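Visitor: I am new to this structure and would like a close look at a single part. Please choose a helix and take me through it and its surroundings with care.

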Amino acid sequence: MKNFKEQMELLRSMCSIQAPSGNELPMKRFLREYINKASLGWEHQPHVIESDELQDNLILIFGKPRTAVFAHMDNIGFTVRYNNQLVKVGGPKTEDGYKLVGKDSNGEQECTLVVSEEKELSIQVDREFERGTDLSFAPNWREDEQFVQSCYMDNRLGVLNALQLCENLKDGAVVFSCWEEHGGGAVGYLGKYLYEKYGIRQALISDITWITEGVVHGKGVAISLRDSGIPRKSYKEKIIKHAIESGIDFQLEVEGSGGSDGNELQKSPYPWDWCFVGAAEDFVHTPDEKVNKEDIRSMFEMYRYLMKAL
């Protein structure tokens, strides 16, 4: 099993990968290579499911799964339009001077975000990018004893949580999904596949939420009672009961906006129960997303406990 320092190094590597919504393939390739090597040391070997039918999504099946963990691979970003103008992918925060990076047929290039008085977006760069080029925040990893900070903690940290869970998972499904940051579109058919083939109908959403007046650094992983979606109360109560029994620090979150892969499960024509369980971050959707290490540890521990208890 990886120690925490090794896990943070893996997180740092994943935060440097460009995989905006619709272009998750670089992240999937990284995960596939990692799983091929790391799974040799896992307690139980998964059945790996990938196909054209499932597009760029990736599913791991362990034993006789009762619960699925969903972790989206994609990040927010930008698409180059005309004359180095930009349009958003998902909901990135835009501040004049942010450093972006992208790669087209002429190679990789770093550039600077320009926000006009009219809030129009463009880039300052030595050359013109090809139309349709994806741009992401330039990686800038920072770490001290208490915090890790980088672009794309959302949702590379959720992906890392799912990976560490695989090290000793006996029964369960782990799903690495696409398009979450830009409106979803994958989880509906992934949920259909898991329900029809394996009879799974309960899920945990391995994603990252917000620091607010009610959810603070260092008090444990957040269990969300609602956001723009509302999970079934009886399922939430089951999660909270197990969380209390675990003795692991956690916080309860209540929000009226925001969403996750859980919203797509709720809107699907299948009877899925779901609950968002994830660490909270400051500076959401910026290059400076910041998470407390104790909250990361409690997220890891809570998922290991819940996947056995559910």
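**A close look at helix 2**

Guide: Before turning to that part, a detail from elsewhere in this predicted model: at the start of helix 7, a side-chain oxygen of Asn292 comes to within 2.8 Å of the backbone nitrogen of Glu294. Helix 2 itself covers residues 25–38, and because 14 residues at 1.5 Å a residue should span 20 Å, the 20 Å that separates its end C-alpha atoms agrees with that expectation. Its buried residues are Met27, Lys28, Leu31, Tyr34 and Ile35, and when one looks down the axis of helix 2 these buried residues fall within an arc of 130 degrees, so they line one face of the helix. The face turned away from that buried side carries Arg29 and Lys37, which are exposed.

What covers the buried residues of helix 2 includes helix 1 (4–15) and strand 2 (58–62), together with helix 3 (153–165) and strand 12 (172–177). Phe176 touches Leu31 and Ile35, and its other contacts, not counting residues up to four places away in sequence, include Leu58, Leu60, Val159, Ala162 and Leu163. Both Leu31 and Phe176 are among the residues with the most contacts inside the largest nonpolar core, which has 73 residues, and Phe70, Leu194 and Leu204 are listed with them. Apart from this core lies another, of 17 residues, among them Leu100, Val115, Phe137 and Cys151. In soluble globular proteins, nonpolar side chains tend to be buried together.

Terms used:
Residues are numbered from 1 along each chain as its sequence is written. This is a predicted model: local features need pLDDT of at least 70, side-chain atom pairs count only at pLDDT 80 or more; totals for chains, interfaces and linings use all residues. Side-chain values use heavy atoms; hydrogens and water are left out. Helices (H or I, at least four residues) and strands (E, at least two) are DSSP runs, numbered from the N terminus. The expected span of a helix is 1.5 Å times one less than its number of residues. Buried means under 20% relative accessible area, exposed over 50%, partly exposed in between (1.4 Å probe, protein chains only). The arc is that of the directions from the helix axis to the C-beta atoms. Contact means heavy atoms within 4.5 Å. A polar contact is a pair of N or O atoms within 3.5 Å; within protein, one must be able to donate a hydrogen and the other to accept it, and residues adjacent in sequence count only if both atoms are side-chain atoms. A nonpolar core is a set of buried Ala, Val, Leu, Ile, Met, Phe, Trp, Tyr and Cys residues joined through side-chain atoms within 4.5 Å.
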